[in-house]
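Visitor: Got a minute? I'd like a quick walk through this structure.

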Amino acid sequence: MQRRDFLIGTAAAGATGLSGCLGTAQQATDTAAGDGDSGRTVTVTGSAEMQAAPDRAVIEASVEATGDSAAAVRDALSTRSDSLRQALRNAGLDDDQLTTGRFAIRPQYTRREPGTEPEQTGYEGTHTITIEVDDVETTGDVIDTAIDGGADSIGRIEYTLAESTRESLREDALKAAVDTARGEADVLATRVDSQVVSVQQLNAAGGGISPTYERYAVAEDAAGGSTELQPDDVTVSASVEATYRID
């Protein structure tokens, strides 16, 4: 079962909300004495965050090549990336988990000396494969497979959430944000000797997901190197803006 923690719930009546809230309430009270219809409202914002362990990882593994021509570098990158992909397939990953993240070929130059023009010495290239891992606990093993399969570098390792997990956490965060906003509205209404009657407007004001990123390290032992990873939790946030009628 996916672990989830309610992290933070905050609410505020922003600069317009709070100052406008109390001021409008007083103005509405004066108006009510004349026409019997106050139309008083209070506008607040509420936010909340939910945390859960990641259930998806995204790894960037790259192969590099140099050569006398762009075509030679292209061919070398093709051969090396095919070998890397095959090693990952042999480890159980599907082709839809392996996509091209970046492909670049560029000229190589000597270091420029003062008063001279740099001289082109050849070409260099990089092919990055983005690897999506559904079982987070196997992330270190996948990195080891990539390195053994010919990867020259491992770039960003992103821990995130599957779409279904993300949506579920956002729903929980929205519910908590609404509850927090309502509590703030009750406090403000009490300050002007009123109470909340109904909600007039409720909007999702923002939020999103905050993945975590890992710096990997290779632990050397008698049996060889292995990658050890300890990912942090992922945060999903949501905020709402609500306008309540008070009397």
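Guide: What follows goes from the overall make-up to single elements and one residue.

Visitor: What should I know about the source?
Guide: It is a predicted model: local features need pLDDT of at least 70, side-chain atom pairs count only at pLDDT 80 or more, and totals for chains, interfaces and linings use all residues. Residues are numbered from 1 along each chain as its sequence is written, and side-chain values use heavy atoms, with hydrogens and water left out.

Visitor: How many helices and strands?
Guide: The protein has 4 helices and 11 strands. These are DSSP runs numbered from the N terminus: helices are H or I with at least four residues, strands are E with at least two.

Visitor: What share of the residues is buried?
Guide: 33% of the 247 residues count as buried. Buried means under 20% relative accessible area, exposed over 50%, and partly exposed in between, with a 1.4 Å probe and protein chains only.

Visitor: And the surface?
Guide: The accessible surface is about 13700 Å². Carbon and sulfur atoms hold 45% of that. The areas come from the Shrake-Rupley method with a 1.4 Å probe; for residues, only the protein chains shown count as cover.

Visitor: What about contacts between residues far apart in sequence?
Guide: Take contacts between residues at least 6 apart in sequence: 80% of them join residues at least 24 apart. A contact means heavy atoms within 4.5 Å.

Visitor: On to sheets. What is the strand order in the open one?
Guide: The order is β4-β5-β3-β6-β8, 5 strands with antiparallel pairing. Two strands pair if DSSP finds at least two bridges between them.

Visitor: Which strands sit at the edges?
Guide: β4 (98-109) and β8 (212-214), each pairing on one side only. On average, neighbouring strands of this sheet are turned by 20° against each other, direction ignored.

Visitor: What packs on that sheet?
Guide: Helix α2, residues 70-90, touches β3 (56-67), β4 and β5. The direction of α2 makes about 25° with that of β5. Helix α3, residues 139-148, lies across β3, β5 and β6 (153-160) and runs at about 160° to β6. Axes here are lines fitted to C-alpha atoms, for helices over the stretch in contact; angles run from 0 to 180 degrees between N-to-C directions.

Visitor: How many bridges inside the sheet?
Guide: β4 and β5 (residues 120-133) have 11. β3 and β5 pair over 11 bridges, while 6 join β3 to β6. For register, Ile 105 faces Gly 125 in β5, Ala 57 is opposite Val 133 in β5, and Ile 59 is opposite Ile 157 in β6.

Visitor: Back to α2. Which of its residues are buried?
Guide: Val 73, Leu 77, Ser 81, Leu 84, Arg 85, Ala 87 and Leu 88. They sit on the same side of α2, because they cover an arc of only 155° around the axis. The arc is that of the directions from the helix axis to the C-beta atoms.

Visitor: What do they pack against, and what is on the other face?
Guide: The buried residues pack against β3, β4, β5 and α3. The face turned away from them carries the exposed residues Thr 79 and Asn 90. Just after α2, Gly 92 has a positive phi of about 105°.

Visitor: Pick one core residue. Where is Val 63, and is it buried or exposed?
Guide: Val 63 is in strand β3. Val 63 counts as buried because its relative accessibility is 1%. Its contacts include Leu 77, Ser 81 and Leu 84, as well as Gly 125 and His 127. Leu 77 is 14 residues along the chain, with C-alpha atoms 6.8 Å apart.

Visitor: Does α4 span what it should, or what is its end-to-end distance?
Guide: Helix α4 (residues 163-191) has its end C-alpha atoms 42 Å apart, which agrees with the 42 Å that 29 residues should span at 1.5 Å a residue. The expected span is 1.5 Å times one less than the number of residues. Its buried residues include Thr 165, Leu 169 and Leu 188.

Visitor: Last one. How covered is β11?
Guide: Mostly: 11 of the 13 residues of β11 (234-246) are buried. β11 runs antiparallel to β2 (residues 41-52), joined by 12 bridges, and antiparallel to β7 (residues 196-210), joined by 12 bridges. Ala 48 stands opposite Ala 238, and Val 199 opposite Tyr 244.

Definitions and conventions
Lists of a residue's contacts leave out its neighbours within four places in sequence.
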